[in-house]
Amino acid sequence: MILDKFSLKDKVAIVTGSNTGLGQGICKAYTEAGAKVVGVSRRPSDETAELCGKNFYNVIADLSDISVIPAIIEKTLEKYGKIDILVNNAGVIKRQDSIEFSEENWDSVLNVNLKTVFFLTQAVAKQFIKQGNGGKIINIASMLSYQGGVRVPSYTASKSAIKGVTMTLANEWAKYGININGIAPGYMATNNTEALRQDGERSADILSRIPAGRWGTPEDLQGAAVFLASSASDYVNGFTLAVDGGWLGR
């Protein structure tokens, strides 16, 4: 049955940025689809744990430093014995005019959004290869993987790079049965966009360009996240799927 291909029963997923927003929504979707989920967050994901139930396990880690990666892998294997899925969702954004943009704002964003994503992906891929059964990796990209944006040069750089790295790794790792794809959310009602949504003029301008006529929600991303983590997407590799209410088609 085709719906069976979307099941994540007995799969083990690592989802970064699990305490709020899109990460929390993905964790909930995965547990509902049958997976056991390791949520990685800088602060406790208590609300996510309540939503997900017994098949959620929280690992506290600051992803601004790649030294935490071995512990994430080790704790996941100690708890569940394997890894089948990785979702690189955690990210930060700094807004400042590019003419004044600081080195600190540049490095803090690139460290979390690109450097740690790459090296955590590499570590999980090595575990996939060791296990010998392939695996699924999903990188949360952005509309700014396709567009320039305003006052967010380091975020745009990181998300453009994520789209490119996703393609590169798909080329190299498909032979191991590893699928690596991206999801590019549109303008979502999360903590990352709170400043934009509180700016009445900017929010109205954004909404006027979204054919769907509303901000997206974490629930809007769940279907794509389950699809790309499941066997239904076994022949999809190196692609970044926009979930944007039609923004890019405007």
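Select lysine 82 to start: with 28% relative accessibility, this residue is partly exposed. You're looking at a predicted model, so treat what follows as computed. Now add aspartate 84, which pairs with lysine 82 in a salt bridge, the closest N and O atoms 3.2 Å apart. Aspartate 84 itself is buried, at 12% relative accessibility.

Next, pick lysine 136 and aspartate 234. Their side chains form a salt bridge at 2.7 Å, N to O. This one ties together distant parts of the chain: lysine 136 is in strand E5 (residues 135-140), while aspartate 234 sits 98 residues away in the loop between helix H8 (218-229) and strand E7 (240-243). Lysine 136 is buried at 7%, but aspartate 234 is partly exposed at 47%.

Keep lysine 136 selected and show the second largest pocket, about 200 Å³ in volume. Of its 15 lining residues, Lys11, Asn133, Gly135, Lys136 and Ala229 come closest to the centre. The lining splits into eight polar, five charged and two nonpolar residues.

Now jump to the largest pocket, with about 1100 Å³ of space. Select Gly91, Val92, Ile93, Tyr155 and Asn192, the nearest to its centre among 46 lining residues. Here the lining has 20 nonpolar, 17 polar and nine charged residues. Colour helix H1 (21-32) too, since you're here: H1 contributes the most to this lining, three residues.

Stay on H1 for the last stop. Glutamate 32 and lysine 28, four residues apart in that helix, meet in a salt bridge at 2.6 Å, N to O. Glutamate 32 is exposed at 56%, and lysine 28 is partly exposed at 26%.

Methods:
Residues are numbered from 1 along each chain as its sequence is written. This is a predicted model: local features need pLDDT of at least 70, side-chain atom pairs count only at pLDDT 80 or more; totals for chains, interfaces and linings use all residues. Side-chain values use heavy atoms; hydrogens and water are left out. On a 1 Å grid over the protein atoms alone, a cavity is a set of points where a 1.4 Å probe fits but cannot get out, and a pocket is an open set with protein on both sides within 12 Å along at least five of seven lines; lining residues have an atom within 4 Å of a point. Grid points are joined across faces, edges and corners, and a volume is the space filled by probe spheres set on the points. Helices (H or I, at least four residues) and strands (E, at least two) are DSSP runs, numbered from the N terminus. Ala, Val, Leu, Ile, Met, Phe, Trp, Tyr, Cys and Pro count as nonpolar, Asp, Glu, Lys and Arg as charged, and the others, Gly among them, as polar. A salt bridge is a side-chain nitrogen of Lys or Arg within 4 Å of a carboxyl oxygen of Asp or Glu. Buried means under 20% relative accessible area, exposed over 50%, partly exposed in between (1.4 Å probe, protein chains only).
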